[in-house]
Amino acid sequence: MAAWLLLLVALASAVGAFGRVTSEAVTIPGSDSQAARDTAGAFDDAASGRQPVVLYAPAGTAPLSSSGQRRAVEEAARAVEGVDHVVAVTTPYEPGGGGLGADGRTGRLTVELDVGGRDITPETTRAVTDAAAPAARAGIEVTAGGDLAAAADKGSTGHSEIIGLAAAFVVLALGFGSLVAAGVPLLTGAVGLGASLCLIGLAGHLMDMPSSGATIAAMIGLGVGIDYTLFCLTRFRELLAAGVGVEDAAARTTAGSGKAVVFAGSAVVAALAGLALGGLPLLHALALAPGIAVLVAMAATLTLLPAVLSLIGPRLTPEVRAGRTVRAARRARAERKAPDDEAPYEKTPGDEAPRTDAPHRTPDDEAPGANALPQAEDRGERREGPAPAGWGRIAAFVASRPWRCLLGGLVLTGVLAAPATQLTFGQLDAGDKAVGTASRTAYDRVADAFGPGANGPLQVVSTLPAPASGPDDTRITSVTAALRTTGGVASVGPPQLDASGTRVRWQVIPATAPADPDTVALVHRLRDETLPAATGGTGLVTHVGGATAAQADLNERLTERMPLVVGFVLAVAALLLLVAFRSPVVAVKAALMNLVSVAASYGVLTAVFQWGRGASLIGLEGPVPIPGYVPLLMFAVLFGLAMDYEVFLLSAVRAAYLRDGDNRGAVVSGLSGTGRIITSAALIMVSVFLGYLLSDDPVVKMFGIGLATAVALDATVVRGVLVPSTMVLLGRANWWLPGVLDRLLPRLAIEDDGHDGAVPPASPAGDAPLADARSTS
């Protein structure tokens with residue numbers, strides 16, 4: 001615990017000294033927009049580029065074109081020039097300053113700084129707008145735009161984390177019946193969250209880290225951190241209730257459930273690593289951020305949690321409850337029926353020998369040729385026993401009607417997934433920001449005065465084989481004329497030559513907004529038609545860049561690479577499950593089942609964001625485009641998270657099958673014993689994800705809705721209906737293993753904590769509290 005405290009202090013000190021850095025820059029190696037950006041580097045521009053400060057004279061004040069307002073604007077410009085890091089300021093009245101809007105009431109100061117966009121801080125923006133006080137005193141509204149606005153709009157998501165933690169505390173307190181026990185997952189989750197955010201902030205100094213990356217990492221890290229602790233704490237309380245000492249219980253919990261945490265967490269990281277196949281630095285950053293959060297959550301579960309359990313263990317399971325737990329467990333074991341025997345089979349907690357009339361195999365004593373199935377026949381004959389309740393009743397219902405449940409679950413998820421057939425990748429712009437933010441205000445002012453395309457100019461860059469004589473060089477004028485006559489172009493700025501005269505660029509203002517599909521169509525028209533026709537035979541090499549062109553190239557690259565990433569993640573998930581459960585059928589089936597919840601989440605994402613169904617309920621004004629990286633990152637994250645519940649459920653089912661050789665009974669037992677804790681863990685994670693809907697960032701809202709939908713469906717419909725129904729229908733084929741794989745695969749025994757004595761499991765027929773639920777994880 002002292003080591004973790006020192007680590008947090010060290011990380012917080014580093015962040016205090018160096019700061020958390022984010023960048024919205026998009027680098028796409030090999031793309032046309034990246035070539036344009038690299039070529040433009042030859043021009044002597046400020047590090048920040050040209051950042052706008054929007055000026056607006058509202059009704060009732062003199063227009064900016066009046067002499068008095070002009071003096072105020074020029075005085076403000078001189079004051080802004082004195083701000084730290086500002087190297088130049090251009091007024092709307094100067095050549096190249098952008099001019100005034102048609103109504104004469106809107107203009108822009110163009111500010112250039114000696115720092116890049118990633119290093120512009122909210123303090124820098126505040127200093128610039130404060131320096132423009134002379135304009136404000138004249139009644140002019142001053143609003144930062146561009147990267148200055150993005151810095152000013154950076155907000156904390158602390159309220160989302162607090163809501164998620166509060167919801168988790170309520171669920172845990174009700175499940176455990178102990179405030180102290182409920183606080184343990186929150187402690188480890190909060191510590192992991194703090195360390196993760198510091199590490200991600202520091203990583204931003206080494207790579208372009210989007211601002212949404214830290215939020216997504218916090219969302220996922222907090223959810224898995226609490227879930228991992230919940231699984232371990234459930235097992236720890238179970239061991240205490242069985243009479244195991246506190247320190248031994250903590251050690252055995254880490255050896256058993258901790259092993260499952262490492263497996264599940266590694267699956268998440270492996271799925272995120274698949275995004276590297278996308279070949280995009282943006283994907284690398286968006287995969288690294290949640291990957292760091294998951295690794296920190298794993299480390300906290302394996303080191304901080306056992307230390308906490310050792311210190312406060314006796315307070316986690318009240319004595320009276322522990323006694324009741326042991327008695328309930330013994331009673332459950334006494335009532336358990338053998339597949340072919342009506343009589344109860346009674347065992348004491350120390351008597352773990354299998355029945356002599358039922359096959360018994362453990363993961364560590366399977367003989368070669370394990371594809372030879374147990375001899376017990378799964379005839380579907382069931383004996384009458386105690387009336388089940390809760391998840392026991394659900395498990396019995398699914399097992400007795402597998403076809404109906406399978407078809408019903410597929411129909412439900414199919415309806416939710418249907419909109420995903422119309423999912424298209426788009427791009428967001430400042431017009432999708434929340435009303436009242438600096439980015440949105442500046443966007444609206446500029447769009448109203450100069451046209452929607454002024455918020456997303458394109459940059460056309462050419463390299464000449466020989467230096468130009470000047471802007472009037474015929475090679476340059478022919479391109480200028482072609483650009484101005486291209487459909488969808490509102491205006492074209494004068495050509496600019498670099499110092500060597502071998503590079504020239506034009507600023508092209510589209511007639512449509514940056515996020516409008518027509519603007520993307522214009523990018524392709526310029527690349528495929530206008531520029532090749534204008535430069536044919538001249539030797540000019542031209543590229544089209546700018547933020548809109550870069551986003552278009554990004555979406556195209558993601559569309560191209562998505563099959564490769566999806567295939568990799570599917571293969572990794574299936575391989576991990578094959579190693580864990582030594583069954584090709586279970587591995588392939590589980591990987592395919594994960595696709596069901598992902599498809600349903602894509603459908604909800606499409607309906608809410610792309611179609612705008614219910615968008616107003618989550619703080620949006622209407623439909624917004626879905627960036628291509630959102631579905632791809634969600635796919636990797638969801639596959640990793642689904643492994644949590646898959647491992648937990650299948651461990652219980654496999655343990656029951658190895659004990660009794662009864663496939664259907666094992667499915668019922670596994671679902672009965674794990675259903676409550678799986679749904680409790682999912683409820684916590686869903687609460688954490690939905691808490692992020694309060695963010696103003698549409699991308700964060702997308703992840704909140706998409707992840708919450710997928711986890712909710714995965715823990716209920718997929719794990720509670722589809723997986724058990726297919727396992728019942730497949731029968732003993734679930735556990736078929738070819739001899740060659742039996743010899744090659746390692747024997748992990750995920751549920752084994754290294755002790756021969758087993759803890760009495762909770763009754764599979766009951767809906768026991770979290771403390772009593774069997775935790776084979």
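This text goes from the whole chain to a nonpolar surface patch and then to one arginine.

The model is predicted. Its chain has 777 residues, of which 55% are buried. The secondary structure consists of 23 helices and eleven strands. Among contacts with a separation of 6 or more, 80% are between residues 24 or more positions apart. The accessible surface of the chain is about 30,000 Å², and carbon and sulfur atoms hold 59% of that area.

On the surface, Trp403, Leu407, Leu410 and Leu729 make a nonpolar patch of about 400 Å². Helix H14, which covers residues 402-417, supplies three residues, the largest share of the patch. Leu729 belongs to helix H22, which runs over residues 698-730. The relative accessible area of Leu729 is 32%, so this residue counts as partly exposed. A patch member must have over 30% relative accessible area, and Leu729, at 32%, meets that condition.

Arg527 lies in helix H17, made of residues 517-535. Is Arg527 buried or exposed? Arg527 is buried, because its relative accessible area is 17% and the cut-off for buried is under 20%. A polar atom of the Arg527 side chain lies 2.9 Å from the backbone oxygen of Val544. Val544 also appears among the residues that Arg527 touches, once residues up to four places away in sequence are left out. The others in that list are Asp32, Ser33, Pro532, Ala549 and Asp553.

Methods. Residues numbered from 1 in each chain as written. Predicted model: local features only at pLDDT ≥ 70, side-chain atom pairs only at ≥ 80, totals over all residues. Heavy atoms only, no water. Patch = residues over 30% accessible without salt bridge, like charges linked within 9 Å, V, L, I, M, F, W, Y side chains within 5 Å. Areas by Shrake-Rupley, 256 points an atom, 1.4 Å probe, with all protein chains shown as cover. Salt bridge = Lys/Arg side-chain N within 4 Å of Asp/Glu carboxyl O. Helix = DSSP H or I, 4+ residues; strand = E, 2+ residues; numbered from the N terminus. Buried < 20%, exposed > 50% of the residue type's maximum accessible area, 1.4 Å probe, protein only. Polar contact = N/O pair within 3.5 Å; in protein donor to acceptor, adjacent residues only side chain to side chain. Contact = heavy atoms within 4.5 Å.
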